[in-house]
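Work through the exercises below with the sequence and the model in view. Each task is followed by a solution in steps.

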Amino acid sequence: MSLAEMVQHNHGGDTGDDTPDHTHNYATVVGVRQGPPGGAESLVVGSTGTTAGANNRHHHPIPNAGNTTPFNVVSPTVFLNAEVKL
Ligand SMILES: [Fe+2]
Ligand SMILES: [Fe+2]
């Protein structure tokens, strides 16, 4: 069974503020822009920047694991057609 085949679940919690010290880009979403009829919506970004490592403490949620993708549970089997003369 692969990770995608596991039932989707969540372990809860988050990373905490201090583990590990890191930086990355971020964007603050302030709204959703309606798309054309039948088209996709888009996010409205208010500000962007780069976190400042240990001087800018923040934490991340832990995302869901698994994707509940169907999978086969039948063992591989070979069938043979044979005739026996009696
Ligand atoms: Fe981060
Ligand atoms: Fe899990």
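**Exercise 1. Burial and overall dimensions**

Task: Find what percentage of the 86 residues of the protein count as buried, and compare the radius of gyration with that of a compact globule of 86 residues.

Solution. The model is a predicted one. Step one is burial: 0% of the 86 residues count as buried. Step two is the radius of gyration: a compact globule of 86 residues would come near 12 Å, while the protein has 25 Å. Step three is the box along the principal axes, where the C-alpha atoms fill roughly 85 × 45 × 20 Å.

**Exercise 2. Secondary structure and pairing**

Task: State how many helices and strands the protein has, and in which sense strand 1 and strand 2 pair.

Solution. Begin with the count: the protein has 0 helices and 2 strands. Strand 1 covers 25-33 and strand 2 covers 42-50. The two strands pair in the antiparallel sense, over 8 bridges. To place the register, take Asn 25, which stands opposite Thr 50 in strand 2. Last, check burial: strand 1 has 9 residues and the number buried is 0, so strand 1 lies largely in the open.

**Exercise 3. Tyr 26**

Task: Decide whether Tyr 26 is buried or exposed, and list the residues it is in contact with, leaving aside neighbours within four places in sequence.

Solution. Locate the residue: Tyr 26 is in strand 1. Apply the cut-off: a residue is exposed if 12 or fewer other C-beta atoms lie within 10 Å of its own. Tyr 26 has 12 other C-beta atoms within 10 Å, so Tyr 26 is exposed. With neighbours within four places left aside, the contacts of Tyr 26 are Thr 48, Gly 49 and Thr 51. Thr 15 is 11 residues from Tyr 26 along the chain, and their C-alpha atoms are separated by 17 Å.

**Exercise 4. Pro 36 and Thr 68**

Task: Say where Pro 36 is found and where Thr 68 is found, then give the exposure of Pro 36 and of Thr 68.

Solution. Pro 36 is in the loop between strand 1 and strand 2. Pro 36 is exposed because 6 other C-beta atoms are within 10 Å. Its C-alpha atom is separated by 38 Å from that of Gly 13, 23 residues apart along the chain. Thr 68 belongs to the segment after strand 2. With 10 other C-beta atoms within 10 Å, Thr 68 is exposed. For the backbone, note that Thr 68 has a positive phi of about 55°, although Thr 68 is not a glycine.

Methods. Residues numbered from 1 in each chain as written. Chains lettered and ligands numbered in written order. Predicted model: local features only at pLDDT ≥ 70, side-chain atom pairs only at ≥ 80, totals over all residues. Helix = DSSP H or I, 4+ residues; strand = E, 2+ residues; numbered from the N terminus. Rg over C-alpha atoms; globule rule 2.2 N^0.38 Å. Buried ≥ 20, exposed ≤ 12 C-beta atoms within 10 Å, placed from the backbone. Pairing = 2+ DSSP bridges. Contact = placed C-beta atoms within 7 Å.
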